Amino acid sequence: MESINIGILGMGTVASGLVNIIELNNTKIAGNIKKQLVVNKVLVKDAVKKRNVSLTAETYTTDAYEIINNEEIQIIVELIGGINPAYEYIKLALNNKKHVVTANKALIATHGEELEQLAHVNGVRLMYEASVGGGIPIINTITENLSVNEFEQIKGIINGTTNYILTQMTENGLEYEQAVKEAQRLGFAEADPSSDVDGDDAAYKIAILSSIAFNQRVNVNDIPKEGITKISREDIAYAKELGYNIKLLASASRTNDEIELSVHPAFIPSAHPLSTVKNEFNAVFLKGNATGEIMLYGKGAGSLPTGSAVLSDIASIIKNECRSNGDKISDSHMYKIVNRAYKKYYIRFEVIDKPGVLAKIASEFGKNNISLNSVVQRQKNGNNTAPLVFITHDTERKNIDAALAEIRNFDTVIQIASIIVVEDF
């Protein structure tokens with residue numbers, strides 16, 4: 001049986017999962033691709049370090065160019081992460097007419113257009129299923145299985161770290177800082193979790209998905225984003241009382257010739273499938289004009305799930321032989337990117353507990369064309385202050401901001417504690 005040699009850049013969590021799956025499912029893989037898959041070389045920082053994979057010492061190298069310039073290697077798998085040096089390595093590999101598979105969402109969201117064009121020119125493939133959703137086959141579903149649809153909406157929980165943190169706050173009553181430490185202890189969060197909790201990771205992923213679904217390049221810098229660092233146990237409790245769960249939601253919606261994108265914490269109705277996605281799991285909710293609503297669910301990270309997604313791209317390349325990146329994402333802007341944020345909002349205040357406070361705040365909302373859906377007023381906190389919660393009807397965020405600019409000046413308002421979007425789907 002003919003052999004296909006792959007070179008792997010990096011030997012971290014995902015790469016070790018890939019190697020272990022190749023060994024575990026060797027017979028199944030060979031039967032599927034009709035070739036023998038061989039890990040020829042692996043780039044590492046320390047060639048003598050012991051690893052949880054069955055590779056010979058001769059497989060490891062500390063020289064990336066020993067892999068990229070190796071004529072025996074047909075497919076390069078980039079799993080080192082980050083923009084550089086991964087960007088330079090992938091460019092050189094494509095120019096060397098080698099297929100490339102990557103799980104690097106930051107790189108694809110930032111330089112995907114250039115790299116896809118380079119793959120097309122050199123008659124090779126650039127594939128990145130594992131860059132979004134771990135083991136969930138979301139990119140292939142959009143590009144292949146649902147390719148005849150005009151997509152109207154993509155909404156998803158696509159960051160496992162934040163979902164784990166919010167789940168622990170919701171189910172176990174942890175404060176934000178406690179939940180972060182627990183996520184770090186279990187390996188669901190990095191030592192520096194800022195990319196996840198500030199929304200950057202989810203923004204990269206929704207940029208990739210919306211570019212593919214709407215066939216228009218989306219710049220990650222055009223996506224308004226807000227993380228979960230301001231979410232408190234009080235917000236979690238009010239959400240549950242009102243029939244919601246709080247999730248970090250990545251969203252892309254198309255209406256006529258406009259696309260609206262965002263990453264933000266959101267109240268999601270407890271009856272909606274996305275609301276039930278817990279811990280490190282991810283889910284992506286798609287709406288196509290032919291299929292209607294579909295949700296894909298699975299582990300959004302981890303050694304074997306993400307390694308499986310990488311392997312599926314490798315298998316696709318081999319089965320399709322030398323087919324290049326043919327259907328390039330359009331550079332022209334068919335749709336206008338907008339940021340109206342026309343939604344319902346949950347707003348929590350801490351106020352002086354005295355008559356007329358609620359009426360004065362409600363009046364200011366009315367002056368800014370904001371109608372109220374519900375109001376929750378609690379008993380005193382014990383220090384002559386009380387929480388006051390409003391949920392609005394649909395309104396533009398600029399109206400909310402205008403009203404709050406005035407309300408901040410009220411001497412009876414101690415704090416505007418939270419502003420969170422309420423999703424209705």
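This passage describes an internal cavity, one helix face and a set of salt bridges in a predicted model.

The search for internal space gives a short answer: the structure holds one cavity of 30 Å³ or more. The volume of this largest cavity is about 60 Å³. Ten residues line the largest cavity, and those nearest its centre are Ile108, Ala207, Ile208, Ser211 and Arg217. Two elements, helix H5 (105-121) and helix H10 (200-214), each give two or more residues to this lining. H10 gives the most, with four residues. By residue class, the lining of the largest cavity consists of eight nonpolar residues, one polar and one charged.

Helix H11 offers a neat case of a one-sided pattern. Within H11 (residues 233-241), the buried residues are Asp235, Ile236, Tyr238 and Ala239. Viewed down the axis of H11, these buried residues fall within an arc of 165°, so they line one face of the helix. This can be read against the usual geometry: an α-helix has 3.6 residues a turn, so residues three or four places apart point the same way. Just after H11 comes glycine 243, with a positive phi of about 90°.

Turning to charged pairs, the whole structure contains 18 salt bridges. One of them joins lysine 278 and glutamate 171, with 2.8 Å between the closest N and O atoms. Lysine 278 sits in the loop between strand E9 (258-269) and strand E10 (281-288), while glutamate 171 belongs to helix H7 (residues 160-172), so the pair ties together parts that are 107 residues apart in sequence. Both partners are partly exposed, lysine 278 at 41% relative accessibility and glutamate 171 at 45%.

H11 also takes part in this pairing through arginine 233, which forms a salt bridge with glutamate 175, the closest N and O atoms being 3.0 Å apart. This pair again links distant parts of the chain, since glutamate 175 lies in the loop between H7 and helix H8 (176-185), 58 residues from arginine 233. Arginine 233 is partly exposed at 39% relative accessibility, and glutamate 175 is partly exposed at 28%.

A further salt bridge brings together the side chains of lysine 344 and aspartate 394, at 3.6 Å from N to O. Here the linked parts are 50 residues apart: lysine 344 is in strand E13 (residues 344-352), and aspartate 394 is in the loop between strand E15 (385-392) and helix H14 (397-407). Lysine 344 counts as buried, because its relative accessibility of 14% is under the 20% cut-off. Aspartate 394, at 39%, is partly exposed. Finally, salt bridges with shared partners join Lys105, Asp201 and Lys205 into one network.

Definitions and conventions: Residues are numbered from 1 along each chain as its sequence is written. This is a predicted model: local features need pLDDT of at least 70, side-chain atom pairs count only at pLDDT 80 or more; totals for chains, interfaces and linings use all residues. Side-chain values use heavy atoms; hydrogens and water are left out. On a 1 Å grid over the protein atoms alone, a cavity is a set of points where a 1.4 Å probe fits but cannot get out, and a pocket is an open set with protein on both sides within 12 Å along at least five of seven lines; lining residues have an atom within 4 Å of a point. Grid points are joined across faces, edges and corners, and a volume is the space filled by probe spheres set on the points. Ala, Val, Leu, Ile, Met, Phe, Trp, Tyr, Cys and Pro count as nonpolar, Asp, Glu, Lys and Arg as charged, and the others, Gly among them, as polar. Buried means under 20% relative accessible area, exposed over 50%, partly exposed in between (1.4 Å probe, protein chains only). The arc is that of the directions from the helix axis to the C-beta atoms. A salt bridge is a side-chain nitrogen of Lys or Arg within 4 Å of a carboxyl oxygen of Asp or Glu.
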